[in-house]
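Me: I should like to understand the terms used to describe a protein structure. Please take me through the reasoning behind each one.

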Amino acid sequence: MKFVDEARIKVQAGHGGRGSTSFRREKFVPFGGPDGGDGGLGGSVYLRAAAGINTLADFRIERTFKGGVGEPGSANNCTGRGGEDLYVPVPIGTLVREAETGELLGDLTREGEVLLVARGGKGGWGNTRFKSSTNRAPRQYGSGRPGEKRPRELELKVIADVGLLGLPNAGKSTLIAAVSAARPKIADYPFTTLYPNLGVVDVGEHRSFVMADIPGLIEGASEGAGLGIRFLKHLQRTGVLLHLVDILPPDPGSDPVKDVRAITAELKKFSADLARKPRWLVMTKRDLLPDAEAEARAKEIVRRLRWRGRWFLISAVSQTGTRALCQAVMDFLEERKVERDAARSEAAAERPEA
Ligand SMILES: Nc1nc2c(ncn2[C@@H]2O[C@H](COP(=O)(O)OP(=O)(O)OP(=O)(O)O)[C@@H](O)[C@H]2O)c(=O)[nH]1
Ligand SMILES: [Mg+2]
């Protein structure tokens, strides 16, 4: 299916039901009176994050999602039945904005999370409500309020713990396929991957993280070269980036150091925040060289880049170094979580009692 990560939808909640005008008329009851019930509440429209959906492709054609109409009230002070609420399934990681102002309404990051996007109209009053000392037989009723009707913007930003970054053919998809159950297309031509793939990496009992493989970037991507840089947004929610570079690019004129710098430059152009995220250098395809040569080459690349962060030398094909890499990622994510939890409880302790 086509991958779509931005869409616009219209949502329309149901109209509230009309109030009833009714009078009690019973045998042997001398004085009747108004007994018209209120109209039912119009159905609201909600978005619900659902697993198994990973694109907004279903929303490519602008559609209107409608809540049910509230039923009218009836005699005996019966309130009308409420209109049916509508729950629209969306991918986990969907951000929802007010289309006109761009205001963020919500971010559905967990499975089952629900967001109200159009509130149903209130039901109208039945004539009982209009009863007063001066008007004992009111014929008025409320006609019910219209439901909210709005355009909404949806944006999907996938949720993953670690993101893969690099030139086309760096070996991103080969890595995710080697360490998870994801089976993206792999080939020796650029831009094999056209949309993000997610894979769960298990590193032991109850220890796992989610990896995101995105399309390759090239120099000038921020000006639209190749597939552009728009897919970088899918790395924004990760905790660490793995910057993959082919240790032995097939083109004799190419240089891994230059390749790394080109990607770093594009990353900065996309977002300073993303460029500041922890990023580890992962040199790939070590099986193409004898061990000693691969290691010497890797060290030389690290030295020339003045790379201060962590670095790894792996081969996804021979599965060399991939376990150690995944372990390191897991440890890093766990440490980060401990730090965050500690910072959070510290902040909570400092907060004055409400
Ligand atoms: N020898 C060797 N070849 C590899 C390794 N990893 C990837 N390759 C090859 O490199 C080519 C590109 O691999 P991909 O995994 O498709 O690269 P990618 O980074 O996902 O590329 P795009 O999706 O185009 O951005 C394929 O022919 C792979 O078989 C490796 O560890 N060793
Ligand atoms: Mg790929």
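Me: Which protein atoms are the donors of the magnesium ion (ligand 2), and what makes them donors?

Reply: This is a predicted model, and in it the protein donors of the magnesium ion (ligand 2) are OG of S173 and OG1 of T193. They lie 2.0 to 2.1 Å from the ion. A donor has to be an N, O or S atom within 2.8 Å of this metal, so both atoms qualify. Water is not among the atoms, so the site may look incomplete.

Me: What makes S173 and T193 a pair that ties together separate parts of the chain?

Reply: S173 belongs to helix 1 (residues 172-179), whereas T193 lies in the loop between helix 1 and strand 10 (197-204). The pair therefore ties together parts that are 20 residues apart in sequence. Both S173 and T193 are buried.

Me: Which residues come nearest to ligand 1?

Reply: Of the 23 residues around ligand 1, the nearest are K172, T174, F191, T193 and D287.

Me: What makes the approach of K172 to ligand 1 a polar contact?

Reply: A polar side-chain atom of K172 is 2.7 Å from an oxygen atom of ligand 1. The cut-off for a pair of N or O atoms is 3.5 Å, so the pair qualifies. S173 also has a side-chain N or O atom 2.9 Å from an oxygen atom of ligand 1. In F191 a backbone N or O atom takes part, at 2.8 Å from an oxygen atom of the ligand.

Me: Why is C78 called partly exposed, and is C326 buried or exposed?

Reply: The relative accessibility of C78 is 35%, which falls between the limits of 20% and 50%, so C78 counts as partly exposed. C326 has a relative accessible area of 5%; this is under 20%, and C326 is therefore buried.

Me: How many disulfides does a search of the whole structure find?

Reply: The search finds zero disulfides. Two cysteine sulfur atoms would have to lie within 2.5 Å to be called one, so the result means that no pair meets this limit.

Me: What is notable about phi in N77 and H206?

Reply: Most residues other than glycine have a negative phi. N77 has a positive phi near 60° and is not a glycine. H206, likewise not a glycine, has a positive phi of about 55°. N77 lies in the loop between strand 3 and strand 4 (86-91), and H206 in the loop between strand 10 and strand 11 (207-213).

Me: Why is H206 called exposed, while N77 is called partly exposed?

Reply: H206 has a relative accessible area of 78%, which is over 50%, so H206 is exposed. For N77 the value is 42%, between 20% and 50%, so N77 is partly exposed.

Me: What is the strand order of the open sheet, and what makes a strand an edge strand?

Reply: The open sheet has five strands in the order 3-1-8-5-6, with mixed pairing. Strand 3 (64-66) and strand 6 (104-108) are its edge strands, as each pairs on one side only. On average, neighbouring strands of this sheet are turned by 30° against each other, direction ignored.

Me: How do you know that strand 1 and strand 3 pair, and that strand 5 and strand 6 do?

Reply: Pairing requires at least two bridges, so three bridges suffice for strand 1 (residues 6-12) and strand 3, which run in the parallel sense. Here K10 stands opposite T64 in strand 3. Strand 5 (residues 94-98) and strand 6 have four bridges, in the antiparallel sense. T94 has L108 in strand 6 as its bridge partner. These two strands form a hairpin with five residues between them, and G102 in the turn has a positive phi of about 80°.

Terms used:
Residues are numbered from 1 along each chain as its sequence is written. Chains are lettered from A and ligands numbered from 1 in the order in which they are written. This is a predicted model: local features need pLDDT of at least 70, side-chain atom pairs count only at pLDDT 80 or more; totals for chains, interfaces and linings use all residues. Side-chain values use heavy atoms; hydrogens and water are left out. Buried means under 20% relative accessible area, exposed over 50%, partly exposed in between (1.4 Å probe, protein chains only). Donors are N, O and S atoms within 2.8 Å of the metal (3.2 Å for Na, K and Ca); water is not among the atoms, so sites may look incomplete. Axes are lines fitted to C-alpha atoms, for helices over the stretch in contact, and angles run from 0 to 180 degrees between N-to-C directions. A residue is near a molecule or strand if one of its heavy atoms lies within 4 Å of it. A polar contact is a pair of N or O atoms within 3.5 Å; within protein, one must be able to donate a hydrogen and the other to accept it, and residues adjacent in sequence count only if both atoms are side-chain atoms.
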